[in-house]
Amino acid sequence: MAKHIVFLRGINVSGKNSIKMQDLRSLLTEAGFEEVMSYIQSGNIILSSPLSKQEVKSAIHQLIQEKLGLDIEVFAVTGEELNQVLLNNPFQGGHEQPNKLFITFLSNQPSTDLVNKLQEKDHGQEEFQLINNMLYFYLPEGMAKSKMNNSYFEKALKVKATGRNLNTVQKLISLIQ
């Protein structure tokens, strides 16, 4: 039975795609997932399942669509993969503010051409690095003043994305250990 961390994209933002985490935990438990827990209201779920991460992703997407009537992008990683994501963080030195460092899960590996075009743009002090289908970005002035966000990267890289700040990723790792 593997631990999976599930990230739901774009829920409970500005009143859109509202899902109560208590209701979602109940739905997931009823569907056969075990040790279901959530962290904050932004769609972070930890659960155990013998299913592969792709099967977990598909099952949860279908469940949300059928039971809640919402077409939500679902991202799933194993506990080991989330640990590796943290270890691969290219911004470990000099970027000590974890609420300004974001880790974004991409639905696919973006094309090299699109990545190169994005790298050519002037982003001022804001930085990003792509490692496989993980995007790490640092916003020294914070998210509120930045043009870098999930929508920006989705449009530029033609992928779906959902991100969490470093604080959230670290907390989720602590919850699976």
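**Exercise 1. Place Thr168 in the structure and describe its surroundings.**

Step 1. Thr168 sits in helix α6, which covers residues 166–176. Helices (H or I, at least four residues) and strands (E, at least two) are DSSP runs, numbered from the N terminus.

Step 2. A word about the model before going on: it is predicted, so local features need pLDDT of at least 70 and side-chain atom pairs count only at pLDDT 80 or more, while totals for chains, interfaces and linings use all residues. Residues are numbered from 1 along each chain as its sequence is written, and side-chain values use heavy atoms, with hydrogens and water left out.

Step 3. Is Thr168 buried or exposed? Its relative accessibility is 8%, so Thr168 counts as buried. Buried means under 20% relative accessible area, exposed over 50%, and partly exposed in between (1.4 Å probe, protein chains only).

Step 4. Now look for partners. Not counting residues up to four places away in sequence, Thr168 touches Tyr39, Ile40 and Asn44; contact means heavy atoms within 4.5 Å. Thr168 and Ile40 are 128 residues apart along the chain, yet their C-alpha atoms are separated by 9.0 Å.

**Exercise 2. Follow the chain from Ile40 back into strand β2.**

Step 1. Ile40 belongs to the loop between β2 and β3. With 44% relative accessibility, Ile40 is classed as partly exposed.

Step 2. What is the phi of Ile40? Phi is near 50 degrees, a positive value in a residue other than glycine. Glu35 also has a positive phi, of about 50 degrees, although Glu35 is not a glycine.

Step 3. Glu35 is part of strand β2, and Glu35 is exposed, with a relative accessible area of 51%.

Step 4. Met37 lies in β2 too, a strand of residues 34–39. Met37 is partly exposed at 27% relative accessibility. Leaving aside neighbours within four places in sequence, the contacts of Met37 are Arg25, Asn44, Ile45, Ile46 and Leu175. The C-alpha atoms of Met37 and Leu24 are separated by 9.5 Å, with their positions 13 residues apart along the chain.

**Exercise 3. Compare the settings of Lys147 and Glu154.**

Step 1. Find Lys147 in the loop between β7 (134–138) and α5 (150–157). Glu154 is in helix α5.

Step 2. Which of the three accessibility classes fits each residue? Lys147, at 46% relative accessibility, is partly exposed. Glu154, at 12%, counts as buried.

Step 3. Beyond four places in sequence, Lys147 is in contact with Asp122, His123, Glu126 and Tyr152. Lys147 and His123 are 24 residues apart in sequence and 8.7 Å apart in space, C-alpha to C-alpha.

Step 4. With the same neighbours within four places left aside, Glu154 is in contact with Arg9, Val159, Lys160 and Ala161.

**Exercise 4. Find the nonpolar cores.**

Step 1. A nonpolar core is a set of buried Ala, Val, Leu, Ile, Met, Phe, Trp, Tyr and Cys residues joined through side-chain atoms within 4.5 Å. The largest such core has 20 residues, and Val6, Leu8, Ile19, Leu28, Leu47 and Ile60 touch the most other members.

Step 2. Which elements give two or more residues to this core? They are β1 (2–8), α1 (21–30), β3 (44–49), α2 (53–68) and β4 (74–78).

Step 3. Take Leu28 as a sample: leaving aside neighbours within four places in sequence, Leu28 is in contact with Phe33, Val36, Ile45, Leu47, Ile60 and Leu63.

Step 4. Another core, of 19 residues, lies apart from the largest one, and its members include Ile5, Leu101, Met134 and Val169.

**Exercise 5. Step back and describe the whole protein.**

Step 1. How many helices and strands are there? The protein has 6 helices and 8 strands, and along the sequence they follow the pattern β-α-β-β-α-β-α-β-α-β-β-α-β-α.

Step 2. The radius of gyration is 16 Å, close to the 16 Å that the globule rule gives for 177 residues, so the protein is as compact as a globular protein of that length. This radius is taken over C-alpha atoms, and the rule is 2.2 Å times the number of residues to the power 0.38.

Step 3. Buried residues make up 44% of the 177 residues. Among contacts between residues at least 6 apart in sequence, 68% join residues at least 24 apart.
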